[in-house]
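Work through the exercises below with the model open beside you. Try each task before you read its solution.

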Amino acid sequence: MLALDSLSKHFGGVRAVDGISLTLKEGEIFGLIGPNGSGKSTTINLITGLYTPTTGTVRLDGRDLTAMAQHERTAMGVARTFQNIRLFGNLTVAENLWVAQNGHEQRRAHFLGRWFRAGGEHSPEIGELLKFSRLHSKRDVQASALSFGEMRRLEMARALASRPRVLLLDEPAAGASREDGQILAERIRETRDRGVTVLLIEHMMELVMGISDRVAVLNFGRKIAEGSPAEVQANADVRAAYLGSKHKDEELIHA
Amino acid sequence: MIDLVQNMLDGLAIGSAYGLLALGFTLIFGVMRRLNMAFGSSILVGIFAGAWLHGQWAAGMIPIFAATVAGAVVASAYVERMSFAWIRGDAALASMASSFAIWMQLEELVARAFPQRSYAFPTFEALPMLELGPFFLRPEHAAMFLTAAVLVAALHWLLTRTLFGLRVRTLSDSRDAARVSGVDVGRVAVLTFGLAAAIGGVAGFLIAATDGQISTKLGMWATMKGLIAMVIGGLGSLRGALVGGLVLGVVEAQAQWYLGASGREICTFALLFAALILLPQGLVGRKDTLARAEAVRRI
């Protein structure tokens with residue numbers, strides 16, 4: 001459903017992403033791993049439109065997103081979280097969700113309705129999302145007052161509020177404990193069960209290898225392997241790439 | 001004592017107009033994280049559009065009010081295109097410098113079109129003076145105060161209760177997050193700019209209708225008063241803008257009465273200086289110190 005075709009992004013002479021092609025299948029959890037600086041985050045930024053690709057295309061269900069603005073891609077069904085959480089700190093938890101929920105309705109509804117509607121943060125759908133994210137007791141709390149873990153949960157809930165077809169998670173377990181990682185894995189599975197395809201970037205190998213249906217490995221902006229978690233872990237190129245950054249190697253083998 | 005209270009009343013009235021000017025600046029600053037130096041000159045265009053209508057057809061107060069606000073909004077739309085839309089978001093200084101250039105340009109255009117030193121602006125003459133015991137309240141002062149109160153309440157409702165208001169506030173928190181949440185950032189920014197201009201136009205109309213005559217100096221005057229009130233109250237805070245305006249108005253009215261016109265100017269800038277040294281986060285400092293540090297860094 002989400003298809004990247006020979007996607008490249010060059011910053012001056014640096015080829016951050018160098019001709020990556022990937023195709024995600026409907027309803028799968030797809031892990032994207034690689035050493036630091038291998039182009040994972042750049043790839044996400046190309047999919048959401050924060051960067052314009054040097055060459056290549058991004059398609060969702062056959063529709064070309066490459067020329068679309070970021071908010072238009074959200075309307076098409078692409079949602080993401082950020083590696084360093086970005087919330088609307090001055091808004092309440094429920095308001096964070098309300099804004100995202102209505103982002104893609106801008107063109108459909110009547111002008112007055114879509115700009116001046118009030119009180120929509122109490123809709124049943126938002127209530128359900130708050131329960132799903134275990135944030136219902138915090139619904140009227142300012143987002144900036146949440147704990148780190150709650151912020152992560154809210155960011156993911158906000159991404160889901162826009163009713164995405166595909167959800168891009170950029171290191172959702174960063175700073176989380178092993179137990180938190182297991183809870184997160186459960187929530188990612190539940191998200192997939194809601195019919196959302198997931199692209200997961202993560203350093204916590206246990207998490208990626210445990211829940212991904214398929215995994216692709218990037219190194220120096222190129223895809224060096226793709227397959228089931230077992231296939232990827234057995235791949236010689238992948239081991240070589242991770243041997244370059246010592247500590248990652250052990251994680252990979254033991255996962 | 002009676003003088004002191006009477007000055008206070010007059011000061012609160014003119015201060016609420018300053019507060020509206022500061023609100024316009026704050027809205028633009030909060031959303032764009034950039035200063036619009038041409039804000040006052042956009043209002044100037046509006047006021048002269050109103051005065052022109054008055055001189056040409058002796059129009060009534062309502063069409064003149066509409067022309068003033070519309071003129072300010074149209075001029076601001078031009079400023080937005082020239083100094084904000086086409087300049088990247090992180091180039092705050094470039095926007096400020098270019099809006100300074102547009103300020104000069106608009107002011108010169110108005111001065112060419114209206115070469116006399118001053119022009120007449122209609123006043124609320126028909127209304128009687130309001131008596132509150134030993135004190136007097138000019139009807140235009142009452143109008144200023146009421147208009148400011150209503151506008152601030154409406155703005156507060158808009159920004160905290162409506163979807164449009166929430167979108168405006170997402171822009172000052174994180175533009176990246178707003179975009180991926182489906183907010184059309186460019187469009188919200190333009191509408192906020194227009195809203196700020198309309199508020200400025202209302203303030204300009206009230207000030208011009210109080211004085212009864214206008215000159216091209218009003219643009220610079222409005223920019224100065226709005227900026228000073230915003231800084232005193234606290235950058236980026238809507239409540240601060242209003243409080244800053246009221247404080248500035250009262251201090252000026254007292255100084256004018258006891259020290260005269262030149263004493264008033266000295267007091268205005270002494271107040272600004274004191275605010276910058278003693279209360280760098282303003283009278284109504286935002287809790288969010290990170291956002292403040294960010295804001296200060298970008299100026």
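Two residues are in contact if their C-beta atoms, placed from the backbone, lie within 7 Å. This is a predicted model: local features need pLDDT of at least 70, side-chain atom pairs count only at pLDDT 80 or more, and totals for chains, interfaces and linings use all residues. Residues are numbered from 1 along each chain as its sequence is written, and chains are lettered from A and ligands numbered from 1 in the order in which they are written.

**Exercise 1. Chain A in outline**

Task: State what share of the contacts in chain A with a separation of 6 or more comes from residues 24 or more positions apart. Then give the burial and the secondary structure of chain A.

Solution. Start with the contacts. In chain A, 66% of those with a separation of 6 or more join residues 24 or more positions apart. Next, burial. A residue is buried if 20 or more other C-beta atoms lie within 10 Å of its own, exposed if 12 or fewer, and partly exposed in between, with C-beta atoms placed from the backbone. By that rule, 47% of the 255 residues of chain A are buried. Last, the elements. Helices (H or I, at least four residues) and strands (E, at least two) are DSSP runs, numbered from the N terminus. Chain A has 11 helices and 10 strands.

**Exercise 2. The six-stranded sheet**

Task: Find the strand order of the open sheet of six strands in chain A, then its edges.

Solution. Two strands pair if DSSP finds at least two bridges between them. The order in chain A is β6-β7-β8-β3-β9-β10, with mixed pairing. The edges are β6 (78-80) and β10 (222-227) of chain A, each paired on one side only. Now take single pairs. Strands β3 (residues 29-33) and β8 (residues 197-201) of chain A run parallel over four bridges. There, A:Ile29 has A:Val198 as its bridge partner in β8(A). β9(A) and β10(A) pair in the antiparallel sense over five bridges. A:Val215 stands opposite A:Gly227 in β10(A). Their hairpin has two residues between the strands, and A:Phe220 takes a positive phi near 50°.

**Exercise 3. The N-terminal strands**

Task: Which strands of chain A does β1(A) pair with, and in what sense?

Solution. First, β1 (residues 2-11) pairs with β2 (residues 14-24) of chain A in the antiparallel sense, over eight bridges. A:Ala3 stands opposite A:Thr23 in β2(A). Two residues separate β1(A) and β2(A) in this hairpin, and A:Gly12 in the turn has a positive phi of about 60°. Second, β1(A) is antiparallel to β4 (residues 55-60) of chain A over five bridges. A:Asp5 stands opposite A:Thr57 in β4(A).

**Exercise 4. A helix pair in chain B**

Task: Are α2(B) and α9(B) parallel, antiparallel, perpendicular or oblique to each other?

Solution. Axes are lines fitted to C-alpha atoms, for helices over the stretch in contact, and angles run from 0 to 180 degrees between N-to-C directions. The axes of α2 (residues 39-57) and α9 (residues 218-233) of chain B come within 7 Å and cross at roughly 135°. Angles under 35 degrees count as roughly parallel, over 145 as roughly antiparallel, 65 to 115 as roughly perpendicular and the rest as oblique. The pair α2(B) and α9(B) is therefore oblique.

**Exercise 5. Where chain B meets chain A**

Task: How many residues does each chain give to the contact, and which element of chain B gives the largest share?

Solution. Chain B gives 19 residues and chain A gives 32 residues. On the chain B side, α6 (163-173) and α7 (175-180) of chain B each give two or more residues. α6(B) has the largest share, seven residues.
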